[in-house]
Amino acid sequence: MKEQLFEKLDSAFEDMVVIRRHLHMHPELSFKEEHTAQYIHDFYADLGVDVQMGVGGNGVVARVKGGRPGKTVALRADFDALPIQDEKDVPYKSTVSGVMHACGHDGHTATLLQVAKAIHELQEDLAGEYVFIHQHAEEYAPGGAISMIEAGCLDGVDVIFGTHLWSLTPLGTIEYLAGPVMAAADRFTITIQGAGGHGAAPHQTKDAIVIGAQLVMNLQQLVARRVNPIDSAVLSIGSFVAENAFNVIADSAKLGGTVRSFNPKVRDLMELEMKRVIDGTALANDCTIEFEYVRGYPAVVNHATETAFLKTVAENVPGAQSVVESTPQMGGEDFSYYLEKVPGTFFFTGAKPAVPYPHHHPKFDFDENAMLLAAKTLGAAALDYQK
């Protein structure tokens with residue numbers, strides 16, 4: 001039966017590319033993916049597949065029942081875009097100013113749609129049930145996964161699989177890893193209220209820029225001097241805003257950034273120690289500093305049995321030239337919420353193009369041939385899980 005699935009996916013590859021490019025040209029931001037959700041819904045409706053829109057927001061869930069009893073397997077793809085200007089010179093460049101698919105979600109969606117179509121066409125000869133979860137808002141916490149779960153997308157599901165097309169990993173590669181594979185992703189905002197004044201009279205002020213600079217340097221020591229070297233953590237300041245005239249000392253400043261970790265205890269430690277440093281800096285400078293720490297997605301922790309299963313499946317998929325254990329990624333993914341509810345695994349499919357750029361880059365793109373390998377691996381995992 002897998003051979004028939006693979007043949008159908010080979011035949012559907014050109015359609016997969018057409019879908020991916022259509023979505024790439026018409027991206028929508030997290031929580032605003034109304035047209036994309038409708039497109040996905042209509043694809044299933046045209047096939048005659050049972051499909052539901054508005055699942056936990058803009059989520060779409062389709063279900064295909066096989067002709068024989070069996071397990072219920074869920075496959076997930078995300079479909080939101082990012083607030084980035086597309087700088088590629090390609091025919092399928094984004095038509096929406098300031099918005100683009102810079103992470104491969106268009107490819108994930110095209111992949112899953114064709115896997116679902118192939119399984120639908122084979123359903124009478126298959127066992128079990130197949131749940132196709134098209135998730136909105138992966139890029140921005142609280143994300144779409146948790147609301148879709150609350151709305152019942154995992155009801156009756158025995159296992160879940162998902163993949164991410166990876167632009168810096170060679171085509172033909174499947175990367176797997178049991179245990180923590182992607183980090184918890186938190187964000188924070190620090191607002192400093194000092195006392196501004198004339199640039200020629202700094203002694204009469206409480207310079208918010210200097211205070212902010214102290215914080216930037218002191219916070220960088222937390223990972224190096226508070227976190228056990230055996231563990232991992234990242235603290236990055238991504239924004240420092242204090243705009244003034246050249247001869248004005250800043251009255252206020254605002255910093256923003258992210259913390260990444262795998263261990264829940266390290267996550268708690270980083271938040272606690274950040275507050276300690278910020279409170280101490282406020283006291284030392286006799287100023288007010290507000291600290292907002294927002295917890296994002298927990299770490300993606302793959303289940304060992306399902307990861308070993310996926311490895312075995314991938315090794316027998318046509319086009320998989322290299323099936324290797326990956327290293328953990330500090331990027332975040334709300335696939336973590338699914339894995340907290342049911343067994344499963346999240347893997348990476350190599351999609352490196354001729355001129356690679358990292359994810360979230362204005363010139364991001366991927367080798368579309370990777371979609372076919374991703375489709376075959378997901379489809380094979382779904383079918384083999386019934387054995």
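Which residue in β12 is the bridge partner of Ser-239? Here are some notes to read alongside the structure, which is a predicted model.

1. **The opening question.** Ser-239 has Gly-256 as its bridge partner in β12. The two strands to look at here are β10 (233–241) and β12 (252–261). They run antiparallel, and eight bridges join them.

2. **The other partner of β12.** Strand β8 (184–193) is also antiparallel to β12, and 10 bridges join this pair. Two of the pairings are handy landmarks if you want to step along the strands. Phe-188 has Gly-257 as its bridge partner in β12, and Arg-187 has Thr-258.

3. **The four-stranded sheet.** Put these strands together and you have an open sheet in the order β10-β12-β8-β13, with antiparallel pairing. Strands β10 and β13 stand at the edges with a single partner strand each, so one side of each has no neighbour in the sheet. On average, neighbouring strands here are turned by 20° against each other, direction ignored.

4. **Is β12 mostly buried or exposed?** Seven of its 10 residues are buried, so β12 is largely enclosed by the rest of the structure. Buried here means under 20% relative accessible area.

5. **Two helices across this sheet.** Helix α6 (residues 208–219) lies across β8, β10, β12 and β13, and runs at about 165° to β10. Helix α8 (residues 264–285) lies across β8, β10, β12 and β13 too, running at about 170° to β13. If you are turning the model on screen, these helices are a good guide to the four strands.

6. **The largest pocket.** About 770 Å³ of space lies in the largest pocket. Its lining counts 32 residues, and those nearest the centre are Glu-139, Ala-185, Thr-258, Arg-260 and His-360. You have already met Thr-258, as the bridge partner of Arg-187.

7. **Who lines that pocket?** Strands β5, β8, β10, β12 and β13 (288–294) are the elements that give two or more residues to the lining. The largest share, five residues, comes from β8. By class, the lining has 12 nonpolar, 13 polar and seven charged residues.

8. **The eight-stranded sheet.** A second place to look is an open sheet of eight strands, in the order β1-β2-β4-β3-β5-β16-β6-β15, with mixed pairing. Its edge strands are β1 (50–55) and β15 (322–325), each of which pairs on one side only. Neighbouring strands of this sheet are turned by 20° against each other on average, direction ignored.

9. **One pair within it.** Strand β2 (residues 59–65) pairs with strand β4 (residues 127–135) in the antiparallel sense, over six bridges. For a spot to click on, Lys-65 stands opposite Glu-129 in β4.

10. **A helix across the eight-stranded sheet.** Helix α11 (residues 369–384) lies across β3 (68–78), β4, β5 (159–166), β6 (173–176) and β16 (344–350). The helix runs at about 170° to β5.

11. **How many cavities of 30 Å³ or more does the structure hold?** There is one, and about 40 Å³ of space lies in it. Its lining is made up of Arg-76, Ala-77, His-108, Thr-111, Leu-112, Thr-163, Ala-374 and Leu-378. The elements giving two or more residues to this lining are β3, α4 (105–122) and α11. Helix α4 gives the most, with three residues. Sorted by class, the lining has four nonpolar, three polar and one charged residues. As background, rolling a probe the size of a water molecule over the atoms shows where empty space is left.

12. **A glycine worth a click.** Gly-56 has its place in the loop between β1 and β2. With a relative accessible area of 25%, Gly-56 is partly exposed, since that class runs between 20% and 50%. Leaving aside its neighbours within four places in sequence, Gly-56 is in contact with His-136, Ser-147, Met-148 and Ala-151. As for Val-300, this residue and Gly-56 are 244 residues apart in sequence and 21 Å apart in space, C-alpha to C-alpha.

Notes. Residues are numbered from 1 along each chain as its sequence is written. This is a predicted model: local features need pLDDT of at least 70, side-chain atom pairs count only at pLDDT 80 or more; totals for chains, interfaces and linings use all residues. Side-chain values use heavy atoms; hydrogens and water are left out. Two strands pair if DSSP finds at least two bridges between them. Axes are lines fitted to C-alpha atoms, for helices over the stretch in contact, and angles run from 0 to 180 degrees between N-to-C directions. Contact means heavy atoms within 4.5 Å. On a 1 Å grid over the protein atoms alone, a cavity is a set of points where a 1.4 Å probe fits but cannot get out, and a pocket is an open set with protein on both sides within 12 Å along at least five of seven lines; lining residues have an atom within 4 Å of a point. Grid points are joined across faces, edges and corners, and a volume is the space filled by probe spheres set on the points. Ala, Val, Leu, Ile, Met, Phe, Trp, Tyr, Cys and Pro count as nonpolar, Asp, Glu, Lys and Arg as charged, and the others, Gly among them, as polar. Buried means under 20% relative accessible area, exposed over 50%, partly exposed in between (1.4 Å probe, protein chains only).
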